[in-house]
Each structure stands twice: as structure tokens, then as C-alpha cells.
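Open your viewer and switch to the cartoon display. This short tour tells you what to select at each stop.

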Amino acid sequence: MAEDFPFEISPMFEGERIRKNDMYVELSGPKSIGFELVKAAEMDDVVDGKFNMIGPDIQDMEEGGRYPFAMIYKIAGELVEEDLESIVERRNHDFQNYIQGLMHLNQRYDVWVRLSKEAVEKGVTSFESIAQAIMMLFKNELPFIEKVEATYITDKDEIEKLMDEAKAKYKARDDRTRNLHDEDVDTFYGCTLCQSFAPSNVCVITPDRISLCGAINWFDGRAAAKVDPEGPQFPIPKGDVIDAESGEYTGVNETAKSLSSGEYDRIKLHSFFEYPHTSCGCFEVVGFYIPEVDGIGWVDRDFNESAPNGLPFSTMAGQTGGGKQISGFLGVGINYFRSPKFIQSDGGWERVVWMPKHLKDRVYDDIPDDIADKIATEEDVSDLETLRNFLEEKNHPIVNRWEKEEEEEAAEEKETPQQAAPAMQMPASMPMNMPAMPTSGSGGVKVILKNAKVSVDKIIIKKNE
């Protein structure tokens, strides 16, 4: 049946990147709006193989243009249930990337699609051929789907009208795990959907930690593993608890070693600095360490400015992604902010010092009351100096860490008076492959450490007499 389409269909095209100069059109993405949604339905409510188009089709679009874009799939079958919606939705990412000349990134309302000029030249002039290919793959690869119907939308008004419904659906899925926690279950779930882009990524989904893409929670993983045992979602026996606070388990470590081909053999699910969870590229938010204030900031895809450290999301995402395990950078799904175990081994919310306002507003009700108004946004600060002033003015808990460090430094200076310069405290495991920062002056020695992990308790800087 694949020969009926004006494009090749194969997993070999996963990971294909379509650059701006090779792009015919861009759909949704960071400079437009859109979403993807799968809805479970009764058999009588689905017309199998039907395609609906609302708004201009590919043949009506201008080359180089950018358009809003939404995809809605209704699925039905004897085994189809609501718990499977997000799993099928995430497989849309997988299957779209099977199509040569089509690039699909992200998920939910962060979806981002590009179609190449070459694909259009070969005859991809309608979304119907793409939708029909995806529906075919859904039924072939997910046999519990007996009927599927697709609706693609490029009309902005229609997408805006349906966006609230889609977001409500996502929220309802996420809320299911609110009262279930890691200690309540014996099995976690893994996902390998992003390994085509990040070969060493090890995505571990637990009741207290949603997938990095934010699309799959623990219930979703369980449902997917049940109906598709050979699929990309699978059970991970939790094993013995090594450290409950940081979220380290023997079963997770064994899986990490296996899935990463030995690249990693330890993962601490709720740690920011020491053996943190790997980061793929589909994460919704990047966390970044700010050594100047010993705090952690978070930035999401929708923030187009630079964070107080002078870096935009794109730069930090490039540093974080690819399936790497980096102390000082961490990719997460937004719902992880609502977890009671949120980076708990490194201070949790008391370590958070900055977030974009729209992101902070989105999770505001889940931030502890005594810290919520002490976390800065771009409306409060513009750089590291104003960030530090803000934190002092608000008496953020991080200030207590500074005072404690200063007391320790003073005590050390009394013991070793020849060391006159103040000591600079760092976490036990600092990222050593952060983007290079500009320096001034001349002479000295330049040291570049790539993919290195250096553990230190303290660094003391002193001036040569």
C-alpha cells in the first residue's frame, strides 16, 4: 500500500532535519499555533479512513510560508480506551517522521512540522496523502485500533476555537497521577520514541515524573505496554531503593545501562546535579544552573528572549539534548513541576530562582506559597546583577545558602589566613561542558573540558602575591 503515496515511508527517515532553505512550508511551531490530539470514540462515531480538511491545503500555500496547524485523530476499537489516547498521540510523532521530506518535532500544543520543497516537487500537494499514510501506520502498528478518522486544520480561527478543548484534555490526563507516587508502585515505564534523535536517551516514566515530552504519564505507559508489548513503551521493574530522596533504584540503573549501550549506569530521577535523568530533545522545559546565585532557572520553548544568564532556550536546549546526562542542565516535562518530588535532592522549589512569567503563571498553584512570589521572572530582572538584588530583596531561601557559605568561608580564612580571597561554593557535581562565556584580559591558561564530570567540594580562588 505504501506505493500508493507520493513519498517513501520508512523508519530510516526518522531524525531527518529540514532546514529553512530546504523548507516549502512550516506548520505550527514556535512562531505560530497548533496542536495534535487523539480522541477515543465509539465505533459508530468513526468513519474509517475518512479525511477532513479545514483551511488551506498544501497546494494553496505559499512557498516559504508559515501556517497554523492542528491534527485530530478519532480512533475506535474493542480495546481502545482513553488511557491509550496519549500513547497513540505520541506515535503520531513517530509515524510522521517515517515520511520522507516531513519533519515532526515536539508534541501537544508545541507541535512543529516542516515539509520539504523536494517532497512537494514529488507530488505532496495535499495533506490527505500524509493523513492517509498516518492512519495506515496507526492500524498496522497498533492493532488495537480498528477504525481511525483524521481531521487536519490550517484555519487559525478554528484552531483557536478548539485549543481550549485540547488543553483541557491534556490537563485531565496529567491530573490522573496526582494521588499516586513512586513508592506506591513496583513498576515504572520506559519509552524509546526519541532514540532516533537521541540514541542514548533513557526516558523513565514514574507516577512522580512524567515523560520529558510531557505527553506520557505512568498510566499511559502502563496502558501502552499492556496492549502493545513489543512497542516503544515498556515496563521497568523498579527494583531496590538505593536512595529514595534522589530517586535512585536498581531496576532503573540496570535499564539505563542497557538502553544507553553502557553510556550511563546510574540515573537519579529527582536529582538536578548528580547522575540526573538524560535529556532527549523533545523536553518542554530546560533547567539551568546559575552559579552566580547558586540557584536554578527554568526556561520553556515559548520564551523567545534570553534568560538572566544571557542564553536563549535554543542555545541551552542544544547543550542539554541529544540523550546526554549533564550536571547543571536538565530537560523536563512541565507536569514534573507539580510533582512533590520535584528535584527534591537539590532543594526542590527552594532552589528555583527564575522562570518566564507565562511558565510561572501556568504552574503557580503548585509552587509552595512561601516561595511563589520570591521567584523572579523577566518582568522583575534583566541580568544576573538584578536577579541577585531581587533575591536579596525578597529574602529568597537561596540567600540563606549564601550566608551559610560565607560563614564557612570566614571560618576557613581564620584557619588559613594566607588565603585572602573569598571561596566560591559550587555544587558537588558541576557541568563542565557549559557554553563558553566571554573572558577579558590576556595571558593565563585556557582549559577546555568536553563531556567531563568533575566532582569538587569547594574551589578557592586567591590572588598571587
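Two strands count as paired if DSSP finds at least two bridges between them. Keep in mind that this is a predicted model.

**Stop 1: a strand pair.** Select residues 69-76, which form strand 5, and residues 147-153, which form strand 8. The two pair in the antiparallel sense, over 7 bridges. Which residue of strand 8 is the bridge partner of M71? Click on Y152 to see the partner. Strands of a sheet pair through backbone hydrogen bonds, either parallel or antiparallel.

**Stop 2: the whole sheet.** Now show the open sheet of 4 strands. The strand order is 2-5-8-3, and the pairing is mixed. Look at the edges: strand 2 (34-40) and strand 3 (51-54) stand there. Each has a single partner strand, so one side of each is left without a neighbour in the sheet. On average, neighbouring strands are turned by 10 degrees against each other, direction ignored.

**Stop 3: two helices.** Select residues 127-141 for helix 3. Helix 3 lies across strand 3, strand 5 and strand 8. It runs at about 150 degrees to strand 8. Next, select residues 156-175 for helix 4, which packs on the sheet. Helix 4 touches strand 2, strand 3, strand 5 and strand 8. Its direction makes about 60 degrees with that of strand 2.

**Stop 4: one serine.** Go back to helix 3 and pick S129. Is S129 buried or exposed? Its relative accessible area is 15%, and buried means under 20%, so S129 is buried. A polar atom of the S129 side chain lies 3.1 Å from the backbone oxygen of S126. Leaving aside neighbours within four places in sequence, S129 is in contact with F5, P6, F7 and V124.

Methods: Residues are numbered from 1 along each chain as its sequence is written. This is a predicted model: local features need pLDDT of at least 70, side-chain atom pairs count only at pLDDT 80 or more; totals for chains, interfaces and linings use all residues. Side-chain values use heavy atoms; hydrogens and water are left out. Axes are lines fitted to C-alpha atoms, for helices over the stretch in contact, and angles run from 0 to 180 degrees between N-to-C directions. Contact means heavy atoms within 4.5 Å. Buried means under 20% relative accessible area, exposed over 50%, partly exposed in between (1.4 Å probe, protein chains only). A polar contact is a pair of N or O atoms within 3.5 Å; within protein, one must be able to donate a hydrogen and the other to accept it, and residues adjacent in sequence count only if both atoms are side-chain atoms.
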